[in-house]
Amino acid sequence: MTLKEFYDKIGGDYNGVMSRLMKEERVVKFVRRFLDDKSLATLDEKLAEGNYEEAFRAAHTIKGVASNLGFSRLLDSSNELTEEL
């Protein structure tokens with residue numbers, strides 16, 4: 001699967017991320033790093049604890065990463081979540 005196909009499949013903004021990072025190798029590097037990001041686990045944990053301030057921070061981090069990587073659907077849902085928190 002090509003990077004463009006990946007972005008098409010996830011409903012992402014391939015053109016936007018390429019305009020920011022300019023090389024597919026860079027995009028792939030950061031997408032792979034995203035797989036190791038602990039923000040989603042932190043979000044789940046803090047929501048379960050009722051710690052909404054820390055849950056907000058985790059959701060906001062996810063939103064920022066999603067924006068930078070052109071993960072449009074994740075950006076939309078994390079934006080809604082940060083607004084609720």
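The following exercises, with worked solutions, concern the helices, the cores and one buried residue of a predicted model.

Residues are numbered from 1 along each chain as its sequence is written. In this predicted model, local features need pLDDT of at least 70, side-chain atom pairs count only at pLDDT 80 or more, and totals for chains, interfaces and linings use all residues, while side-chain values use heavy atoms, without hydrogens and water.

**Exercise 1.** Determine how many helices and strands the protein has.

*Solution.* Helices (H or I, at least four residues) and strands (E, at least two) are DSSP runs, numbered from the N terminus. Counting these runs gives six helices and zero strands. The order from the N terminus is therefore written α-α-α-α-α-α.

**Exercise 2.** Identify which helix gives the most to the largest nonpolar core.

*Solution.* A nonpolar core is a set of buried Ala, Val, Leu, Ile, Met, Phe, Trp, Tyr and Cys residues joined through side-chain atoms within 4.5 Å; buried means under 20% relative accessible area, exposed over 50%, and partly exposed in between (1.4 Å probe, protein chains only). The largest such core has 11 residues, among them Tyr7, Val17 and Leu69. At least two residues come from each of α1 (3-10), α2 (14-21), α3 (24-35) and α5 (52-69). The most, four residues, come from α2.

**Exercise 3.** Decide whether Ser78 is buried or exposed, and list its contacts beyond four places in sequence.

*Solution.* Ser78 belongs to helix α6 (residues 72-84). Its relative accessibility is 4%, so Ser78 counts as buried. Contact means heavy atoms within 4.5 Å. Apart from neighbours within four places in sequence, Ser78 is in contact with Ala59, Ile62 and Lys63.
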